[in-house]
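Colleague: I would like to learn how to read pockets, metal sites and cysteines in a model. Could we take the features in turn?

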Amino acid sequence: MLYDFHTHTFLSDGELLPMELIRRCVVKGYTVLGIADHISHSTVARVIEEVRRDAELGKKHWGIEVFVGAEITHVPANAIAEVAAHGLAVGADYIVCHGETVVEPVEPGTNKAAILSGNVDILAHPGLITADDAKLAAEHEVFLEISCRKGHSLANGRVVQLGREAGAKFLVNTDGHAPGDLLSEEFAVTVAHAAGLSDDEIKQTLYENPKILIERIERRRRERTR
Ligand SMILES: [Zn+2]
Ligand SMILES: [Zn+2]
């Protein structure tokens with residue numbers, strides 16, 4: 001089982017068309033692919049609509065489940081809740097927030113605003129996350145990301161340490177922007193180990209936590225079609 005909820009296409013700064021990304025993930029043996037391109041208030045509706053068309057073709061013709069997410073990126077912290085709600089309103093399956101990675105000037109307070117927004121599912125690469133924010137993430141059931149991406153992954157050990165103490169749940173995501181970034185099960189296990197997760201925690205993170213997120217997404221879809 002191979003899950004990855006954080007990938008990019010050239011609808012933001014990735015290299016591939018959504019359709020080609022989906023094709024390559026089928027060949028890689030992905031169980032579920034989540035596409036979460038960088039968005040802000042300006043682009044969220046268009047990007048979600050465009051990715052959705054290819055996701056539907058991938059499901060129909062290749063049988064792969066593709067969830068359409070959106071990564072709120074460098075949006076003012078005080079506007080994250082509004083953009084997250086807008087993303088869900090225009091059809092996103094789930095919302096990622098581009099957290100306070102140590103390698104970019106993300107506005108301080110972004111991690112907390114994402115966690116408290118009520119509509120962010122995954123806090124990506126949270127960087128120098130605080131113990132308080134890790135506790136809030138656990139309380140609000142926001143997944144903390146363990147990142148495979150260069151730069152962002154520098155803080156994985158801290159995210160695991162504080163997240164574990166707080167009882168937060170983790171996901172391993174590639175944050176893939178190019179074909180060479182895509183996941184194999186072996187690499188997912190290696191990244192999880194390198195971040196400091198135990199064997200039991202790796203099982204929970206790679207195989208159980210994705211199911212919790214998928215249930216949330218499916219509940220959202222059902223509520224929408226009602
Ligand atoms: Zn990001
Ligand atoms: Zn990303």
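**Reading the model, feature by feature**

Modeller: The largest pocket has a volume of about 180 Å³. Keep in mind throughout that this is a predicted model.

Colleague: Which residues line the largest pocket?

Modeller: The general idea comes first. Rolling a probe the size of a water molecule over the atoms shows where empty space is left. Here, the lining of the largest pocket is made of Ala137, Ala138, Glu141, Val142, Phe143, Gly167, Ala168, Lys169, Ile212, Arg216 and Arg219.

Colleague: Which helices each supply at least two residues of that lining?

Modeller: They are helix H5 (131-139) and helix H8 (199-225). H8 gives the most to the lining of the largest pocket, namely 3 residues. By residue class, the lining divides into 6 nonpolar, 1 polar and 4 charged.

Colleague: How many cavities of 30 Å³ or more are there?

Modeller: A cavity differs from a pocket in that the probe fits but cannot get out. The count is 1 cavity of 30 Å³ or more, and the largest cavity has a volume of about 80 Å³. Its lining consists of Met1, Leu2, Tyr3, Leu171, Val172, Leu183, Glu185, Ala188, Thr205, Leu206, Tyr207 and Pro210. The elements giving two or more residues to this lining are S7, H7 and H8.

Colleague: Which element gives the most to the lining of the largest cavity?

Modeller: H8, with 4 residues. The lining of the largest cavity divides into 10 nonpolar, 1 polar and 1 charged.

Colleague: Now the metals. Which residues coordinate the zinc ion (ligand 2)?

Modeller: To read a metal site, list the donor atoms, then look at the distances and angles. The donors to the zinc ion (ligand 2) are His6 (NE2), His8 (NE2), Glu71 (OE) and Asp175 (OD), at 2.0 to 2.3 Å. Along the sequence these donor residues follow the spacing H-x1-H-x62-E-x103-D.

Colleague: What is the geometry of that site?

Modeller: Ideal angles at a metal are 109.5 degrees for four tetrahedral donors. The angles among the 4 donor atoms of the zinc ion (ligand 2) run from 84 to 170°, and the site is irregular. One caution applies: water is not among the atoms, so sites may look incomplete.

Colleague: Are the donors His6, His8 and Asp175 buried or exposed?

Modeller: Buried means under 20% relative accessible area. His6 is at 0% and counts as buried. His8 is buried at 1%, and Asp175 is buried with a relative accessible area of 1%.

Colleague: What is there to note about the backbone of Asp175?

Modeller: Asp175 is not a glycine, yet its phi is positive, about 55°. Asp175 sits in the loop between strand S7 (170-173) and helix H7 (185-194). His74 also is not a glycine and has a positive phi, of about 50°. The loop that holds His74 runs between strand S3 (65-72) and helix H3 (80-89). His74 is partly exposed, with a relative accessible area of 41%.

Colleague: Which residues coordinate the zinc ion (ligand 1)?

Modeller: Glu71 (OE), His98 (ND1) and His125 (NE2), at 2.0 to 2.1 Å. Their spacing in sequence is E-x26-H-x26-H. Glu71 lies in strand S3 and His98 in strand S4 (residues 94-98), so the pair ties together parts that are 27 residues apart in sequence. Glu71 and His98 are both buried.

Colleague: How far apart are the zinc ion (ligand 1) and the zinc ion (ligand 2), and which residue coordinates both?

Modeller: The two ions are 3.2 Å apart, and Glu71 coordinates both.

Colleague: Last, the cysteines. How many disulfides does the structure hold?

Modeller: For a disulfide, check the distance between cysteine sulfur atoms, which must be within 2.5 Å. The structure holds 0 disulfides.

Colleague: Why is there no bond from Cys25 or Cys97?

Modeller: The cysteine sulfur closest to that of Cys25 belongs to Cys148 and is 13 Å away, too far for a bond. For Cys97 the closest cysteine sulfur is also in Cys148, at 19 Å, which is again too far. Cys25 is buried, with a relative accessible area of 0%, and Cys97 counts as buried at 1%.

Definitions and conventions:
Residues numbered from 1 in each chain as written. Chains lettered and ligands numbered in written order. Predicted model: local features only at pLDDT ≥ 70, side-chain atom pairs only at ≥ 80, totals over all residues. Heavy atoms only, no water. Donors = N, O, S within 2.8 Å, 3.2 Å for Na, K, Ca; no water. Tetrahedral: all angles 85-135°; square planar, octahedral: opposite > 155°, others 65-115°. Buried < 20%, exposed > 50% of the residue type's maximum accessible area, 1.4 Å probe, protein only. 1 Å grid on protein atoms, 1.4 Å probe; cavity = no way out; pocket = protein on both sides within 12 Å on 5 of 7 lines; lining within 4 Å. Points joined across faces, edges and corners; volume = space filled by probe spheres on them. Nonpolar A, V, L, I, M, F, W, Y, C, P; charged D, E, K, R; others polar.
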